Amino acid sequence: MIVDLNLGGNLVIVVGGGNEGLKKVNTLLTQDCKILLVSDATNRQIQNYVKQKKIAFKKMRLENANFLKKYKPFMVLATTDDKELNRKIVQQAKAMRCYAYAADDPEVSDFAFGSVINIDDTVQIAVSTGGRSPAMARKLKLQAEQIFRKVIKKEDIYHIKLQDFARRAAKTKIATFPERKKFLYSVMNDNHIKQLIQVGNLKKAQKRVMEILGDMK
Ligand SMILES: C[C@@]1(CC(=O)O)c2cc3[nH]c(cc4nc(cc5[nH]c(cc(n2)[C@H]1CCC(=O)O)[C@@](C)(CC(=O)O)[C@@H]5CCC(=O)O)C(CC(=O)O)=C4CCC(=O)O)c(CCC(=O)O)c3CC(=O)O
Ligand SMILES: NC(=O)C1=CN([C@@H]2O[C@H](COP(=O)(O)OP(=O)(O)OC[C@H]3O[C@@H](n4cnc5c(N)ncnc54)[C@H](O)[C@@H]3O)[C@@H](O)[C@H]2O)C=CC1
């Protein structure tokens, strides 16, 4: 089952600062969470993230998973190349009731990663083969990406941002679901809004949304 997890600003701990650790950090940086990386060594890209204060880093050689007890993570990702250590980390994380993942052990992980197309941090499209072939998931993602980047236009991204604005306003100002739904579709189909979005004028489009909302009362 593919779900879109809400990390809700919580702490995610990534153990291991190699290729897999970096991949996970890159994914997490598109999400709303705090990131702590624990590893005895890292690569340059990770060091850049630390310098830019995008992630916290603890340089540590681990023998076991006891260090986790000092934290209150929402999710723990074990990405070292030591299978035994990754397992201990997953066990400890589960004992602490957080989501646990090991890069080398789909059996014990609470979830798997899909191969994700990320368009402007606004639309995400995931390909999963359910663990059958990660390499094929990646290949299909690359094929699909060419198509999706043509189909999803800049205007669609603006419309999503405007819908976000309009739904928030609707939730406080329109009492029933059918009316809110009708309002959101009228925003999407409004010719004036379409024109404003074409020229990238989100501010004026928001003003027009509030006018439509006012007219509904
Ligand atoms: C189950 C899963 C759990 C998880 O880790 O999430 C998992 C597990 C494992 N992958 C392994 C190997 C490879 N993984 C990749 C690539 C990706 N792996 C990803 C996801 C997943 N990998 C989950 C299932 C997703 C699905 O089936 O759809 C992607 C999609 C997303 C991501 O990692 O973020 C990302 C592409 C991202 C992109 O670029 O778009 C490649 C290809 C390459 O590197 O070129 C290889 C080598 C070739 C191959 O094996 O296919 C091994 C080691 C096996 C061994 O030791 O031999 C394990 C562990 C095991 O199976 O035991
Ligand atoms: N899920 C997936 O898609 C994939 C999973 N893998 C698996 O992921 C594992 C990790 O792969 P890579 O990141 O490429 O390895 P890597 O060797 O690049 O990175 C391992 C990292 O763990 C750190 N580390 C190892 N032992 C440690 C300890 N005791 N204490 C603190 N830090 C420690 C190292 O310093 C290094 O930064 C591999 O075992 C492989 O089986 C590999 C490729 C894809």
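## Exercises on a predicted model

Leu-37 touches Val-14, Gly-17, Gly-21, Val-25, Ile-46, Ile-55 and Phe-57, leaving aside residues up to four places away in sequence. The model is predicted, and the exercises below start from this residue.

**Exercise 1. Decide whether Leu-37 is buried or exposed, and describe its surroundings.**

Solution.
- Step 1. Find the element: Leu-37 lies in strand β2.
- Step 2. Count the neighbours: 26 other C-beta atoms lie within 10 Å of Leu-37.
- Step 3. Apply the cut-off: a residue counts as buried if 20 or more other C-beta atoms lie within 10 Å of its own. Leu-37 is therefore buried.
- Step 4. Check a pair that is separated along the chain: Leu-37 and Leu-68 are 31 residues apart in sequence, and their C-alpha atoms are 12 Å apart in space.

**Exercise 2. Work out which residues Gly-17 touches, and whether Gly-17 is buried or exposed.**

Solution.
- Step 1. Place the residue: Gly-17 is in strand β1.
- Step 2. List the contacts, not counting residues up to four places away in sequence: Gly-17 touches Leu-37, Ser-39, Ala-41, Thr-42, Asn-43 and Ile-46.
- Step 3. Take one of these contacts: Gly-17 and Leu-37 are 20 residues apart in sequence and 7.0 Å apart in space, C-alpha to C-alpha.
- Step 4. Judge the burial: Gly-17 has 25 other C-beta atoms within 10 Å, so this residue is buried.

**Exercise 3. Trace the strand pairings of β4 and the path of the chain from β4 to β5.**

Solution.
- Step 1. Begin with β1: this strand pairs with β4 in the parallel sense, over four bridges. Within this pairing, the bridge partner of Val-12 is Met-75 in β4.
- Step 2. Go on to β5 (residues 99–102): four bridges join this strand to β4, and the two run parallel. Here Leu-77 stands opposite Tyr-101 in β5.
- Step 3. Follow the chain between β4 and β5: the connection passes through helix α3 (residues 83–95), and this β-α-β crossover is right-handed.
- Step 4. Look at the two faces of β4. In a regular strand the side chains alternate between the two faces of the sheet. In β4 (residues 75–78), Met-75 and Leu-77 are on one side, with Val-76 and Ala-78 on the other. These four residues are all buried, and both faces of the strand are covered.

**Exercise 4. Find what is unusual in the backbone of the loop between β6 and β7.**

Solution.
- Step 1. Describe the hairpin: β6 and β7 pair in the antiparallel sense over five bridges. Val-116 stands opposite Ala-126 in β7, and three residues lie between the strands.
- Step 2. Recall the usual case: most residues other than glycine have a negative phi.
- Step 3. Compare Asp-120, in the loop between β6 (115–119) and β7 (123–127). Asp-120 has a positive phi of about 55° although it is not a glycine.
- Step 4. Turn to Asp-121, which lies in the loop between β6 and β7. Asp-121 has a positive phi of about 55° and is not a glycine.
- Step 5. Check the exposure: a residue counts as exposed if 12 or fewer other C-beta atoms lie within 10 Å of its own. Asp-120 has 11 and is therefore exposed. Asp-121 has 10, so Asp-121 is exposed.

**Exercise 5. Describe the residues around ligand 1 and around ligand 2.**

Solution.
- Step 1. Take ligand 1, which has 19 residues around it; Phe-113, Ser-115, Pro-134, Ala-135 and Ala-137 come nearest.
- Step 2. Find the main source of this shell: helix α4 (residues 134–151) gives the largest share, five residues.
- Step 3. Sort the shell around ligand 1: seven residues are nonpolar, seven polar and five charged.
- Step 4. Take ligand 2, which has 19 residues around it; Gly-16, Gly-18, Asn-19, Glu-20 and Ala-103 come nearest.
- Step 5. Find the elements behind this shell: β1 (11–17), α1 (19–28) and β2 (34–42) each supply at least two residues.
- Step 6. Sort the shell around ligand 2: five residues are nonpolar, eight polar and six charged.

**Exercise 6. Summarise the chain as a whole.**

Solution.
- Step 1. Count the elements: the chain has eight helices and seven strands.
- Step 2. Give the extent: the C-alpha trace spans about 65 × 40 × 35 Å along its principal axes.
- Step 3. Compare with a globule: the radius of gyration of the chain is 22 Å, whereas a compact globule of 217 residues would have one near 17 Å.
- Step 4. Give the burial: 23% of the 217 residues are buried.

Conventions. Residues are numbered from 1 along each chain as its sequence is written. Chains are lettered from A and ligands numbered from 1 in the order in which they are written. This is a predicted model: local features need pLDDT of at least 70, side-chain atom pairs count only at pLDDT 80 or more; totals for chains, interfaces and linings use all residues. A residue is near a molecule or strand if its C-beta atom, placed from the backbone, lies within 6 Å of it. Ala, Val, Leu, Ile, Met, Phe, Trp, Tyr, Cys and Pro count as nonpolar, Asp, Glu, Lys and Arg as charged, and the others, Gly among them, as polar. Two strands pair if DSSP finds at least two bridges between them. A crossover is right-handed if, with the strands pointing away from the viewer, the path from the first strand over the helix to the second runs clockwise. The radius of gyration is taken over C-alpha atoms; the globule rule is 2.2 Å times the number of residues to the power 0.38. Two residues are in contact if their C-beta atoms, placed from the backbone, lie within 7 Å.
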